[in-house]
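Here is a walk through one model, from strands to cores to charged pairs. Have a look at it first, and then we can start with a single side chain.

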Amino acid sequence: PSSSNEGDDDDPTPEALVVSLIHAERRDLYICVFGGDPRTKGTNNFVDPAVVKVFHPSLSLLLQFNAHTAPVVAATFHQQREELITSSTSVSLKVWNFDDVHDKALATKQQILPPASPLLYVTAPNASAIQVVIRRVLQDHDRPITLLHAAKNCEVVFGSGGTDVWAWSLS
């Protein structure tokens, strides 16, 4: 929260703070998940709340998307499946897939990401770009999940809200 000298309103305004900062190892990308309430506009003019930003290793912005319509409170990334899982106060978890797309215009816009294999340039006429699509929404819990964990070697995401622990299959 930030304070303002304008007016006599003493209520702090929620800001879009970083909920999670993740390194996607295979693609060498950085994922920044912002919290905050997208239903209100505070004094933070730099980042919209409940947004996910994906950065190139040079830290230039590749893409961004709105993760939820309610405040984001937790996020994790499954490295092997390349899936981002976000949680919000709306009592839902969203699973986001990071996919390759062979679109020359998008690849140019995203500064032409290096392909997963050097042979891809030989066999594919278009450069590789990345897109993020929602795969599914996980529910079945009765309170916001404020802690998420996706173990590298299993197909399960664990979540905790209060004193309860939940597990969801990613397969």
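Is E82 buried or exposed? E82 is buried, at a relative accessible area of 7%; buried here means under 20%, exposed means over 50%, and partly exposed is what lies in between, with a 1.4 Å probe and protein chains only.

Before going further, a word on the ground rules. This is a predicted model, where local features need pLDDT of at least 70 and side-chain atom pairs count only at pLDDT 80 or more, while totals for chains, interfaces and linings use all residues. Residues are numbered from 1 along each chain as its sequence is written, and side-chain values use heavy atoms, leaving out hydrogens and water.

**Strands and hairpins**

Strands are DSSP runs of E with at least two residues, numbered from the N terminus, and two of them pair if DSSP finds at least two bridges between them. Strands of a sheet pair through backbone hydrogen bonds, either parallel or antiparallel.

Take the open sheet: it has 4 strands in the order 5-6-7-8, with antiparallel pairing. Strand 5 (72–78) and strand 8 (129–138) are the edges, each pairing on one side only. On average, neighbouring strands of this sheet are turned by 25° against each other, direction ignored; the axes behind that angle are lines fitted to C-alpha atoms, and angles run from 0 to 180 degrees between N-to-C directions.

Strand 7 (residues 92–101) has 9 antiparallel bridges to strand 8. In that pairing, N97 sits opposite V133 and W96 opposite I134. To strand 6 (residues 83–88), strand 7 has 6 bridges, also antiparallel, and I85 has V95 as its bridge partner. The hairpin of strand 6 and strand 7 has 3 residues between the strands, and V91 there takes a positive phi near 60°. Strand 7 is largely enclosed by the rest of the structure, because 8 of its 10 residues are buried.

There is another hairpin earlier in the chain. Strand 3 (residues 51–55) and strand 4 (residues 61–66) run antiparallel and are joined by 5 bridges, with V52 bridged to F65. Between these two strands lie 5 residues, and L59 in the turn has a positive phi of about 75°. H56 also belongs to the loop between strand 3 and strand 4. With a relative accessible area of 16%, H56 counts as buried. The C-alpha atom of H56 is 9.0 Å from that of R27, although the two residues are 29 apart along the chain.

**Nonpolar cores**

A nonpolar core is a set of buried Ala, Val, Leu, Ile, Met, Phe, Trp, Tyr and Cys residues joined through side-chain atoms within 4.5 Å. The largest one has 20 residues, and those touching the most other members are I31, V33, V52, F65, F77, L84 and F98. At least two residues each come from strand 1 (18–24), strand 2 (29–34), strand 3, strand 4, strand 5, strand 7 and strand 8. A second, separate core has 12 residues, including L93, I145, W168 and L170.

What does L84 touch, not counting residues up to four places away in sequence? Among its contacts (heavy atoms within 4.5 Å) are I22, I31, V33, V52, F65, F77, W96 and F98.

**Salt bridges**

How many salt bridges does a search of the whole structure find? The search finds 8, each one a side-chain nitrogen of Lys or Arg within 4 Å of a carboxyl oxygen of Asp or Glu. Three of them are listed here.

| Pair | Closest N to O distance |
|---|---|
| E25 and K152 | 3.1 Å |
| R26 and E82 | 2.8 Å |
| D164 and R143 | 2.4 Å |

E25 lies in the loop between strand 1 and strand 2, and K152 in the loop between strand 9 (147–150) and strand 10 (156–161), so this pair ties together parts 127 residues apart in sequence. E25 is partly exposed at 44% relative accessible area, and K152 is partly exposed at 45%.

Back to E82: its salt-bridge partner is R26, which is partly exposed at 47% relative accessibility. R26, R27, E82 and D100 are joined into one network by salt bridges that share partners.

D164 is partly exposed at 29%, and R143 counts as partly exposed at 29% too.
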